[in-house]
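Thanks for sharing this one. Here are a few friendly notes on the charged pairs, set out point by point.

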Amino acid sequence: MGGSHHRSADIATVVSRVLRAASICTPVALLWAPAALTQAAEFNALAADIPAQPLAQALAAFRRQTGLQLIYVSSVISKQRSRAVAAGLNADEALGRLLQGTGLRFEHLSPRSIRIFAGLVAPRETTPRVLTGEVRDEVLITASRGAEKLQDMPITIQSITGDQLNQLNVTTTNDLLKYTTNVTYSGNGPGTGNVFIRGLGGFGSGNQSQSTTAPFPNVAFYLDDQSMQFPTRNNDVYLVDMERVEVLEGPQGTLFGGGAQAGAIRYITNKPQLEAASGEVNAGHGVTAGGDPGSNLNAVLNVPLIDNVFGLRGVTFSDTRGGYIDNVPGTIGYHPGTPPYDLGGNPTANNGPLQGNNLNKVTYSGARLSALWRINDNWDALLQQSYQKMEADAYFYAYPTGTNGQPLARYQINGFAPAYSKDDYESTAWTLNGKIRDLLRMVYTGSYMVRHIDGEQDYSNYLRSAAGFYYACIGTGAGYFNEANFPNQLAGHKLQCSTTVGNWRDQVRNTHQAHELRFSTKADNRVRGLAGFYWEKFVIDDNMNFNYLGIPQCDQANLNKALSSTDGSADCLSAVGPVPGAFATAPGLRTNADTAFGEDVQRGYKQKAFFTSIDVDVIPRLLTATGGVRLYHYDEFEEGSEYYSASTSGAFSNGVPTPGGGLVVNHLNGQCTVAGLCGFPINLSRSESGHSWRGNLTWLVTADIMAYYTYSEGFRPGGFNRTASLPGQPPVLRGLAPYSGPNTNQYAKSTGYNSDNLINNEVGFKSEFLDHHVLFNLSAYYLKWENSQQALFDPVNLGNNTFNVNGSSYTVKGFEAQFVARIADGLTLQGSSSVNTPSQSSTPCLTSVGVDPSASGTGNNPTPKGHCITQVKGAPYTNPFGQLGTRLPFSPPWMFNLRARYDWTAGAYKQFAWVGASHIAAMSNEPANFPDGNAPSENPPTGWPSITLLRYQIPAYTTYDGGLGVAKDNWTAQIQCNNLTNAYGPTKISSDQFIKAEVPLRPRVITFLIGYRF
């Protein structure tokens, strides 16, 4: 179990084993395929031009010139027109151009016969689809809520086709990020983080309590038209049978609403094809350097049940990725200077039952079924049902330093509690699409999603921190449950201390229902536009429990022992739970779980919105102006309760001990909760309305060069902080930040925070050169992010829980470049790069509330209302809102990705090779003013992390990937290597669980992939 376990594996040995397997599997697989087919390219070139005409006539002319047999259903080509084709092209090139723009494709059935179809069974594309003018016309996106050419959209967009996703074996969020510049991720493992675009990073935090406390993300996720976003837990949709992925950069608030503040990522699925049956099966097996192997299997079947009228498309998948994190032997105890260490004998624990290698296995499985009904020539209806289950075991982070202060090797951890993350969703979506009298197009979309999350992580290191050790002991000398706080129960009682082992568990149910109705005019009108209405309801039910209370709970048996003990060595605590009468997803006491603190909360919002966008061709085919606006109204709510054991629970009245008080100590389970002394109810609601504008000027310089200017706005809704409140009554504000002495609290934790806003000014151009062999796009932007939503967690000065405020403002200056170039026949080079310079532009301070009767403990506050708080507990207080000119977290100054692919033919075999690189420059996990995680006071031997929001610098890293493959007929086989150099990263460094932790890259993986299409 030493560090050698994860040293760089012998590449030659691993490769030789995979190649040996491939040498056996590939020929056998290909022998099963149909006999070798001579490609049409071997026939003579066209002797004469074929002009644009009805497709049936063009195909007849093609057949006469080539002598090839064409097989197709006549209805498939009816009402279709061909493109013009020049003489001199070979048969494959000519037929491809004839069919371009029709949605039809072809495949060879024999040396002299070709099938034309509308399905997706043709061999996968091996070159980017933008390299010819004809293919370029097919690259359509729906960022504007209507189909437009990628190169015609006046915003920065990254688009990856389904074929490219398959070629690169991209199936998860982490896979995707390697090929999308200007996009970063704050995850702690699969499906446990936020995605950021253009350097608009947020705070990096652990996942505990985030379903209740975290602001909504500023990047929206969509599966088709179904919103998939969630606070700090991106829905890690498995990318199989996708038409494309769109990354829309910059504010998309006008058309996509709240949450698309910094951009949107859209996963567009393949829809049923009604003209021909088709399918595919893909499988893979991979080996991980120093870790366990993995395997994947997916299958797609498209069946038209009624030709050209009704069809089904189904996909199923299963992907298991082997683990690579080891839980190595370790012990954990308390730190010197704490009561359990100094007085309680420092009880320790080991992790023996949980030790093991390669524990962090993750499995994705699920299915999707789509039904398409073409009602008539003008109307169709689509129904989609999706289900996905993700299970991640153990820990996806490593500890540089173990719990005893000893250094650990890479990919190692000392974990003392079981850990896992289970995440599944079920989604139903429907779309009705049609035309009204050839004047308007109408689209109605609706969706309903249910998502369940169940996560648990080790929280043992919190229990020995300055914020948590007081839960460890009870009796004389304890940190909280002592004779001073509970004189009637604990005076003279023997000190009892438990081991520092605990966990947190978060159980979440999320529902999202949405409906959108939009109308658009004909796309070729000089003045054209769209307008729509949107309604949604988003609800999170969160049952979050911190389970680290080693003191026994007072069931009847334990209570009898406590009351009959002569030396006070059997004291117990009353179990707590949701406040009676408050909303609860799981009513009842938290017994048999060691729960010390928790919340059972429902939060969410309802949104109503109207949006419109109008395009005007100021000078036809030269200059177009666009304007749009979204008017929105949010009704936001949060209800439930917070509960806790750290309560004197009536032990005193006006400073005098109360007989029978202190209901949390040596009282039957629930007595403190029923009395309302170990928790508080939450009933918060409010409404907010606003608007978001958008404007564009698009100049078509030439047929292949477009320049644009874009102004856009984005926003995300506000939220609430956990605050004691009853329906119809003002909330009870909690006073914090005492100046010095009793009753000098200066700050009142606000009940909530407002929406924040982003303004984008962007210029750019999109171009193609050298007969469409080179594509080059460039954009520059200036962003203003005002009153950003920020989290504060400072147990020493601001209390031991997290809350959010509207704080600093920022600007971001940056640019991005994208290019695709066909260097030579079969050789393609493409990449993208971004440079960002975020800067904090305002630095508000934490202001005093003055003497406020509604805020507890402010009666003697010496700081006037509205003045900056500069002292807390008699010591200077540092402004928590940052420093002017500093960078945002998760905002690297430079990112790039680059890949090259070469395709060539050898007889009946089509071979290919590709290589890629991805680079992320250094960045931080928290704002510049947050405490330095590398300070001696935060590291052994002189200290340990004191809060979960320490700031670390994440070093730059570069990863390299590559693949080598062959295709024959309908078969494709490939050997692929990800993270060729076995780079460690890490992608994130944090103190989320009160110990320094690193999230490493997955070590090198060599995978053998094989696929068959039919």
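1. Let me start with a pair of sequence neighbours in this predicted model. D969 and K968 form a salt bridge, with 3.1 Å between the closest N and O atoms. Both D969 and K968 are buried.

2. How many salt bridges does the structure hold? The count is 30, so the pairs picked out here are just a sample to look at while you have the model open.

3. Do take a look at R1013 and E280, whose side chains meet in a salt bridge at 3.7 Å, N to O. R1013 belongs to strand 54 (residues 1005-1013) and E280 to strand 13 (residues 278-288), so this contact ties together parts that are 733 residues apart in sequence. Are the two partners buried or exposed? R1013 has a relative accessible area of 8% and is buried; E280, at 9% relative accessibility, counts as buried too.

4. A second strand-to-strand pair is D756 with R716, where the side chains meet in a salt bridge at 3.0 Å, N to O. Here D756 sits in strand 38 (residues 756-769) and R716 in strand 33 (residues 705-716), so the pair links parts that are 40 residues apart in sequence. D756 is buried, its relative accessible area being 0%, and R716 counts as buried at 7% relative accessibility.

5. Finally, which residues are linked in a network of salt bridges? They are D225, E243, R244, E246 and R266. As a reminder, side chains of opposite charge can pair when their charged atoms come close.

Technical notes
Residues numbered from 1 in each chain as written. Predicted model: local features only at pLDDT ≥ 70, side-chain atom pairs only at ≥ 80, totals over all residues. Heavy atoms only, no water. Salt bridge = Lys/Arg side-chain N within 4 Å of Asp/Glu carboxyl O. Helix = DSSP H or I, 4+ residues; strand = E, 2+ residues; numbered from the N terminus. Buried < 20%, exposed > 50% of the residue type's maximum accessible area, 1.4 Å probe, protein only.
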